Amino acid sequence: MKKKIKITPPKDITLDRGADEFITYCEFKNLRPATIKFYNATLEGYIYKVLDPKFPISEITPSIIEDLILYCKERNLKDVSINSMLRGVRAIFNYFMKLDYMDKFEITLPKQDTPIIETYTDAEIEILLKEPDKRKCTFSDYRDWAMCNFLLATGCRFKTIINVKIRDVDFDNNLITYRYTKNRKRQIVPLSSTLKHVLYKYLKVRDGKDDDYLFCGIYGDMLDEGSVSQHLRFYNRKRGVMKTGIHRWRHTFAKKWILEGGDVFSLQTMLGHSSMEMVRRYVNMFSTDLSKTFSIYNPLDNMDVYKEKITMRGRK
């Protein structure tokens, strides 16, 4: 006997079915694989730990958010990890709310202490940017040296740098084109004179065709995050620098840009941020360092009228 097809009322939709719809929606929207992986991890690692996959979506209430936060705190997760989890939950639940699968309510992120981002010191940077002896080093060492220079000069993300191809570096017009960015918008940034010199040297060793990746493995293949992290960790420690991390270069770039008097709007463009929120965070995080250069850039302190010696009447 044939079964009649019926439209399932929203109130009868279970969490796992709604989650499948959400992931399909994300794929239809052509979101990055890493973003979809994050949402799946949010479902498997958090939501399904608190709610049964067959739990009716219509019965989800704000108390579920409290249960999720409590679940994380019981496992001693840091505030930044809890907020990251809640961003994933908010995206999923907002999708359900939009389709009227559940009642609407606002999901706010708990306040968290601003993490202190430890950047590379000038002394460490000098060590890491010292050119290796080509007669003694491996290709990986020389490539890692060039990558460190590139990261400090541009502040780009890891996914961006590994997707840069040789043809994306315009030596004639001093420009670099990013074809892979977080917001999927092609970005063009300046090529500094120092980085230009470094890349000239590097490409004499790397060689390659225009369509080859600028930074590659020893066989010319595309790099992956795991191997690059491992190589840069070894590169740093071999030179006595215990700090490591690809993203640390991005923070170092932002800090030095701000301390050197660079404007925040250009910094936002260089970093590829769609809003000023992260740039403001950088300024707040480095406020102590900013006070050291306050007098150098302060308009009042730089007025010639106050640079003259002032003599009070009746005093020598």
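Me: How are helix α1 (residues 15-28) and helix α2 (residues 33-50) packed?
Reply: In this predicted model, their axes are 10 Å apart and make an angle of about 165°. Axes are lines fitted to C-alpha atoms over the stretch in contact, and angles run from 0 to 180 degrees between N-to-C directions. Helices are DSSP runs of H or I with at least four residues.

Me: Why is α1 called roughly antiparallel to α2?
Reply: Angles over 145 degrees count as roughly antiparallel. The angle here is about 165°, so α1 is roughly antiparallel to α2.

Me: Which residues of α1 make the contact with α2?
Reply: Leu15, Asp16, Ala19, Phe22, Ile23, Cys26 and Glu27 of α1 do, where contact means heavy atoms within 4.5 Å.

Me: Why is Leu195 called buried?
Reply: Buried means under 20% relative accessible area, with a 1.4 Å probe and protein chains only. Leu195 has 2%, so the term applies. This residue lies in helix α8 (residues 193-206).

Me: What is Leu195 in contact with, leaving aside its neighbours within four places in sequence?
Reply: Asn149, Phe150, Ala153, Thr154 and Ile176. The C-alpha atoms of Leu195 and Phe150 are separated by 6.5 Å, although the two are 45 residues apart along the chain.

Me: Which residues touch the most other members of the largest nonpolar core?
Reply: Of its 49 residues, these are Phe150, Ile161, Leu199, Leu214, Phe215 and Trp249. Helix α6 (residues 139-154) gives the largest share, eight residues.

Me: On what basis are these values computed?
Reply: Residues are numbered from 1 along each chain, and side-chain values use heavy atoms, without hydrogens and water. Local features need pLDDT of at least 70 and side-chain atom pairs 80 or more, while totals for chains, interfaces and linings use all residues.

How values were computed: Helices (H or I, at least four residues) and strands (E, at least two) are DSSP runs, numbered from the N terminus. Angles under 35 degrees count as roughly parallel, over 145 as roughly antiparallel, 65 to 115 as roughly perpendicular and the rest as oblique. A nonpolar core is a set of buried Ala, Val, Leu, Ile, Met, Phe, Trp, Tyr and Cys residues joined through side-chain atoms within 4.5 Å. Buried means under 20% relative accessible area, exposed over 50%, partly exposed in between (1.4 Å probe, protein chains only).
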